[in-house]
Amino acid sequence: MSSISYDGLGSHAKGDHELEVLPLVNRSESMLRRAKEDLNGLTLTDSTTVTGWNAPLVLLLLNGVVSVGWGIALSIFASRLVPVTFALSELAKKGDPEYVNVVTTLVATLASMHLMYIIQNICDQYTSVLLVEGFTLGQLRWLQGVKEMTMFAQFADKHRFWSKKRFAWLIVYAGFAFHGSSIVAILQPETFYKFPRFGDQVPCGVEAGDLTLDTEPHISAAVQQLIDMSSFKLGLAFANYDEQVSGNTTTSIAGRVYAKDSYAYGGVGGLENGLQEVPGALITAQCTNDLNTAPAIWQEVFPDRSLPNITSQSDGSRIITDTLIPSQMRNVSSHSGAFTLSSGENALYGLIQPSGNGGLIALESRSDTSPEEKVTVCTWKTTPKLLHVQMVNYTAGVLPSTQDHNLFPALIGRATLATLRGMAQASRFGASFHPNNLPDPNSVLKGHVYYQAAGDRPSTARILEVILADGCKASLTAFNIHWSVQYGDAGISPNAPPGCSVNNRAVKEHWRFGNARNLGYVAIVWTAAVGLLAIGMVIRLKPRVRMQKDGWTLGVVESFILGMGQSVREDTLFYVRNGKVHVEQ
């Protein structure tokens, strides 16, 4: 076994022959200039060097072009001009949303790794030139630090920690460290909406003077009966409406679902999420149990009429009497003539105007817990509105951007009348706003059987507003849908009532790329800058003489190979003895 030994000064010996090697650390700048001057007119007979194009340089150019293109793409993405395809966004939303974060992070990581690969390739190509033209250890030290992406890369002025070069490198390093997060800021999907429009129409609104409680002239008696029945059935649910309002439930009527509110309107279309503007009315009620103040609120709606009287007959029965009813109004009564309320039975009398304005008197029977009959007097007014309706998951609700209007829905009065008839019928079976003839369920049954405590239940006026609005929704929805099918789809015929567009439009949620908090600019600048740097280095290095072998950044392995001046097998054994490197042969 023999060995070659290397001392610390760069000389080596084998047998009796010695060759003095100039130590790399002692090379001066003048030597570098002479090394570069020696290249002038050099004929490339050395197989280890190359000039012009070679595979590593072409690969660096391609990666630089890709990086510039990716930087341009990121800038377009950050401008929010590129949507994610609707099918892909819907698939991602229906699947596990965490997959979106995983994919976004993966792309950001790959993009950052590609940027680092380009920087390492630039260092390799630049070093391949220095190895031919001459280099200092200081140059190789900072190139190696940059290639390894170490924060504390050592520069020639390493004795000054906060030198300009180090400060500049720390800025560059911070940009690379933040590059992945910046990519995520761009690629993380953000939501935006598209509004495809539909040509749905509904009957135009009607002025107050043209409203009537008679059958709508443009529909048949059979259709009118079915429409009236929609509101009547809603009124029959009167007994349970205090809980429905307490629970803030939705109302499903005429094939549509509505949020509970005080607005009377009828939505059209079957969109899952959408917007439309329809004529409607706001119902505002007031109620009292004080018979001294009841006449005043009654005359706010019926200024020329007195409050109906509840009188007792000699046989103990009761009767509600009213003055002569004008032909344009309608009254509703749970009982015809005199009546006697049995336990659990109530009475209701109401009066309706064509505009839907009206009033009612509710009489609750005596019981063991309430020895006195309870009288409730309510009135309400309808105010025409142009309602901005939003569909969310097939449920319609009115937006706050409601506008004043001068036109009523055509069936507003008749729908209110049909609802009140249902309420009157339900009263005979014990329905009331707040049952007076039964004990509070929360004080008898174990646990709370109401959504809220008794003191927090909705007011009588609120319950009345909601049930009348829901009853009107039933008729107006059925009427609008029937009208849309009868006239809207087949084209407006000369005999059809005038139709008005509801500006019905879907609300389609889409995804697009964005720029969260403007953090994406870091990735855009760094990606494009590194790509341009790679292209510039290719242009600069192409005509120069370079080491032909790829990957020369003078790591430990390359240093040993150059120091020996010959090729070394991968399994060659090195060891250090007395400050000298020995190679086992």
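The paragraphs below go through three helix pairs, one pocket and one cavity of a predicted model.

Helix 13, which spans residues 521-541, is a useful starting point, and helix 2, residues 55-78, is its partner in one of the pairs. The axes of these two helices come within 8 Å and cross at roughly 155°. An angle over 145 degrees counts as roughly antiparallel, so helix 2 is roughly antiparallel to helix 13. Their crossing is left-handed. On the helix 2 side, the contact includes Leu57, Leu60, Leu61, Gly64, Val65, Trp70, Gly71, Leu74 and Ala78. On the helix 13 side, the residues in contact include Ala523, Ile524, Thr527, Ala528, Gly531, Ala534, Ile535, Val538 and Leu541. Sorted by class, the contact between helix 2 and helix 13 has 17 nonpolar residues, 6 polar ones and no charged ones.

Helix 13 also packs against helix 6, with the two axes 7 Å apart and an angle of about 120° between them. This angle makes helix 6 oblique to helix 13. The crossing of helix 6 and helix 13 is again left-handed. Helix 6 contributes Ile171, Val172, Gly175, Phe176, Phe178, His179, Ser182, Ile183 and Ile186 to the contact, and helix 13 contributes Tyr521, Val522, Ala523, Ile524, Trp526, Thr527 and Val530. The class count for this contact is 12 nonpolar, 4 polar and no charged residues. Some residues of helix 13 take part in both contacts: Ala523, Ile524, Thr527 and Val530 meet helix 2 and also meet helix 6.

The third pair is helix 4 and helix 5. Their axes come within 9 Å and cross at roughly 160°, which means that helix 4 is roughly antiparallel to helix 5. This crossing, too, is left-handed. Ile119, Gln120, Cys123, Asp124, Tyr126, Thr127 and Leu130 of helix 4 meet Gln139, Leu140, Leu143, Val146 and Lys147 of helix 5. Here the contact holds 7 nonpolar, 3 polar and 2 charged residues.

Which elements give two or more residues to the lining of the second largest pocket? They are helix 4 (98-133), helix 5 (137-147), helix 6 (164-187) and helix 13. The space in this pocket is about 430 Å³. Its lining has 19 residues, and those closest to the centre are Ile119, Ile122, Trp142, Val146 and Leu533. Two of these have appeared already, since Ile119 of helix 4 and Val146 of helix 5 belong to the contact between those helices. Helix 13 gives the largest share of the lining, 6 residues. By class, the lining of the second largest pocket is made of 17 nonpolar, no polar and 2 charged residues.

The last topic is enclosed space. How many cavities of 30 Å³ or more does the structure hold? There are 3 of them, and the largest cavity has a volume of about 80 Å³. The residues that line the largest cavity are Val202, Pro203, Cys204, Tyr265, Gly266, Pro279, Pro409, Ala410, Leu411, Leu476, Phe479 and Asn480. Two elements give two or more residues to this lining: strand 7 (201-203) and helix 12 (460-488). The largest share, 3 residues, comes from helix 12. Divided by class, the lining of the largest cavity has 10 nonpolar residues, 2 polar residues and no charged ones.

Terms used: Residues numbered from 1 in each chain as written. Predicted model: local features only at pLDDT ≥ 70, side-chain atom pairs only at ≥ 80, totals over all residues. Heavy atoms only, no water. Axes fitted to C-alpha atoms, helices over the stretch in contact; angles between N-to-C directions. Helix = DSSP H or I, 4+ residues; strand = E, 2+ residues; numbered from the N terminus. Parallel < 35°, antiparallel > 145°, perpendicular 65-115°, else oblique. Left-handed = near helix turned anticlockwise from the far one by under 90°. Contact = heavy atoms within 4.5 Å. Nonpolar A, V, L, I, M, F, W, Y, C, P; charged D, E, K, R; others polar. 1 Å grid on protein atoms, 1.4 Å probe; cavity = no way out; pocket = protein on both sides within 12 Å on 5 of 7 lines; lining within 4 Å. Points joined across faces, edges and corners; volume = space filled by probe spheres on them.
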